[in-house]
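Work through the exercises below with the structure open beside you. Try each task before you read its solution.

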Amino acid sequence: MTQRSAENPIRVGVVGVGRGSSFAKGAQFVGMELVALCDTWEEKLRDVGKQLNVTTYTDYDKFLEHDMDAVMLANYFHQHAPFAIKALRAGLHVLSETMACGTVAEGVALARAVEQSGKIYLFAENYPYFAYNQEMRRLYHAGEVGEMQYGEGEYNHPFDSHGFNVLSPGMNHWRNWIPSTYYCSHALAPIMYITDTHPVSVNAVSIPRSNRDTEKLYIRRGDPGAIILCRMNNASVVRIMGLTMRGHSVWYRIHGTRGLMENLRTEDKGALRVMHEPWDVREGEQSERIYTPDFPHHAEEARAAGHSGGDFFTIYHFAEAIRKNETPYFDVYRGLEMAMVAIQGWRSCLANGAPFEIPDLRQESVRKQYEDDNWSPWPEHRGRQQPPPSIEGLNPPSEEAIAYARQVWKEMGYEED
Ligand SMILES: NC(=O)c1ccc[n+]([C@@H]2O[C@H](COP(=O)([O-])OP(=O)(O)OC[C@H]3O[C@@H](n4cnc5c(N)ncnc54)[C@H](O)[C@@H]3O)[C@@H](O)[C@H]2O)c1
């Protein structure tokens, strides 16, 4: 294999020119060369292709024939696994946006495909790489707060009707069907990264929408939020909260056996608070300190990137994993653990909070038990014994909401099939 270096950058193609544009634009800063783009939305593809001066494809199979080393997948949320498997089989390294797989059976197939390919697979979680989360990982491993007993992670991102419709073009767009537990990785990944723990079981409850909500003109069927409790492999408990309720929140907290750390909820949300009970304070420590940490390395590049620097580190680690031929931290198994929390968490919501195990897809014996688990809330799989997108059922949107959504889509140039 040709060693990739400054003279020989990693040649990469990107699928999906929405979120994927930030990967495409960032590639040059991590020793990658963008060589191809793929999207089925021709107009958007043409614009981004021109802007970045790169070959474009509307057909994924043709795109995979382009001479390149790696692909970055930012196509629809629930369709990454089949795209990743095809790319791995074509001998390409894969970075995949969240979620890693749309069903448990796809997760089994993905784990097997990564192992068979010997290629790098990176699950593209960017939230763990915020400066304060990298600092919490450093403190945790230095023993500052002891071992996690309880953790909290929140990713809650509200939208008004117009904004939500812009992001979700099409009656069957995934954002219009996503159950409230499925977008859990931004809340969970940082906790896993800080503490090196992983979920082994899940209980979840979904929060139904309210008639008093004044923003009704989107056609989303799912619930606005969920509370997910994960039992982690060190017996600690992690609470995950969020989705689209009022009160934007990106927040993480670790209660350990000798202290607590969290980012601030107000004012400087990039600041970190670390505290100890008086009897736990060691020489040189303070009972409480609040400070704003910087990135441990590549600070300048990170500050110029999206998602508080997380976007830089995500593709940096992908490029490094390829160059060094080393499994990245967010490998296929960690990516799948978050997908399992999403799916098993939704089973729990529909069973009013009953516990469900997180299948360990590292083990072939476990995979065998789950390889035909095609349980799916996605519209293309609708049918008997498939779950609804809301705890209230199918939740059909109102005529008024459909008319408004169509008006917004028309204005943005989206043509419905
Ligand atoms: N990590 C983050 O911070 C972050 C932020 C935004 C989005 N995302 C993720 O990025 C992904 C894409 O989200 P988005 O916001 O761009 O919206 P989106 O899902 O609407 O966009 C997906 C893009 O992929 C294209 N596409 C769909 N099917 C295709 C196919 N078969 N072949 C080629 N192209 C295809 C669509 O035309 C569209 O342009 C999702 O997985 C989402 O969760 C992550």
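## Exercise 1: Domains and their contact

The domain assignment splits the chain into domain 1 (10-123) and domain 2 (127-299 + 331-381). The model is a predicted one.

**Task.** Find how many residues each domain brings to the contact, and which elements of domain 1 take part.

**Solution.**
- Step 1. Start with the centres. Taken over C-alpha atoms, those of domain 1 and domain 2 are separated by 25 Å.
- Step 2. Count the residues in the contact. Domain 1 supplies 19 residues, and domain 2 supplies 25 residues.
- Step 3. Look for elements on the domain 1 side. Helix H5 (104-117) and strand E6 (121-123) each give two or more residues.
- Step 4. Pick the top contributor. H5 gives the most, with 7 residues.
- Step 5. Sort that side of domain 1 by residue type. There are 13 nonpolar residues, 6 polar and no charged.

## Exercise 2: The nonpolar cores

**Task.** Explain why the largest nonpolar core lies between the two domains.

**Solution.**
- Step 1. Take the size. The largest nonpolar core has 112 residues. Val 12, Ala 84, Leu 110, Cys 184, Leu 188 and Val 341 have the most contacts inside this core.
- Step 2. Ask where its residues come from. Helix H11 (residues 332-350) provides the largest share, 10 residues.
- Step 3. Draw the conclusion. Domain 1 (10-123) and domain 2 (127-299 + 331-381) both contribute residues, so the core lies between them.
- Step 4. Zoom in on one member. Leaving out residues up to four places away in sequence, Leu 188 touches Gly 153, Val 238, Ile 240, Met 338 and Val 341.
- Step 5. Check for another core. One of 5 residues lies apart, and among them are Phe 164, Leu 217, Tyr 218 and Ala 405.

## Exercise 3: Enclosed elements

**Task.** Decide whether strand E1 (residues 10-15) is largely enclosed or open. Then name what covers the buried residues of helix H4.

**Solution.**
- Step 1. Count in E1. Of its 6 residues, 5 are buried, so the strand is largely enclosed by the rest of the structure.
- Step 2. Find its partner. E1 pairs with strand E2 (residues 32-38) in the parallel sense, over 6 bridges. Ile 10 stands opposite Met 32 in E2.
- Step 3. Count in H4 (residues 80-89). Here 7 of the 10 residues are buried, so H4 too is largely enclosed by the rest of the structure.
- Step 4. List the buried ones. They are His 80, Ala 81, Phe 83, Ala 84, Ile 85, Ala 87 and Leu 88.
- Step 5. Identify the cover. It includes E1, helix H3 (60-64), strand E4 (70-73), strand E5 (93-96), H5 and E6.
- Step 6. Examine E5. His 93 and Leu 95 on one side are buried, and so are Val 94 and Ser 96 on the other; both faces are covered. E4 and E5 run parallel, joined by 4 bridges. Met 72 stands opposite Leu 95.

## Exercise 4: An open sheet

**Task.** Which are the edge strands of the 9-strand sheet?

**Solution.**
- Step 1. Write the order: E14-E13-E12-E11-E7-E10-E9-E8-E15. This sheet is open, and its pairing is mixed.
- Step 2. Read off the edges. Strand E14 (288-291) and strand E15 (356-357) each pair on one side only.
- Step 3. Inspect one pair. Strand E9 (residues 225-232) and strand E10 (residues 237-243) are antiparallel, with 7 bridges. Cys 230 stands opposite Val 238 in E10.
- Step 4. Place a residue. Trp 251 sits in strand E11 (residues 249-256). With neighbours within four places in sequence set aside, Trp 251 contacts Glu 154, Asn 263 and Arg 265.

## Exercise 5: Unusual backbone

**Task.** Where does the cis peptide bond lie, and which residues other than glycine have a positive phi?

**Solution.**
- Step 1. Recall the rule. Most residues other than glycine have a negative phi, and most peptide bonds are trans.
- Step 2. Find the cis bond. It runs from Thr 98 to Met 99, with omega near 0°. Met 99 lies in the loop between E5 and H5.
- Step 3. Check His 298. Its phi is positive, about 55°. His 298 lies in the loop between E14 and helix H9 (299-304).
- Step 4. Check His 307. Its phi is near 50°, also positive. His 307 lies in the loop between H9 and helix H10 (310-324).

Key
Residues are numbered from 1 along each chain as its sequence is written. This is a predicted model: local features need pLDDT of at least 70, side-chain atom pairs count only at pLDDT 80 or more; totals for chains, interfaces and linings use all residues. Two residues are in contact if their C-beta atoms, placed from the backbone, lie within 7 Å. Domain bounds come from an automatic or database domain assignment. Ala, Val, Leu, Ile, Met, Phe, Trp, Tyr, Cys and Pro count as nonpolar, Asp, Glu, Lys and Arg as charged, and the others, Gly among them, as polar. A nonpolar core is a set of buried Ala, Val, Leu, Ile, Met, Phe, Trp, Tyr and Cys residues joined through C-beta atoms within 7 Å. A residue is buried if 20 or more other C-beta atoms lie within 10 Å of its own, exposed if 12 or fewer, and partly exposed in between; C-beta atoms are placed from the backbone. Two strands pair if DSSP finds at least two bridges between them.
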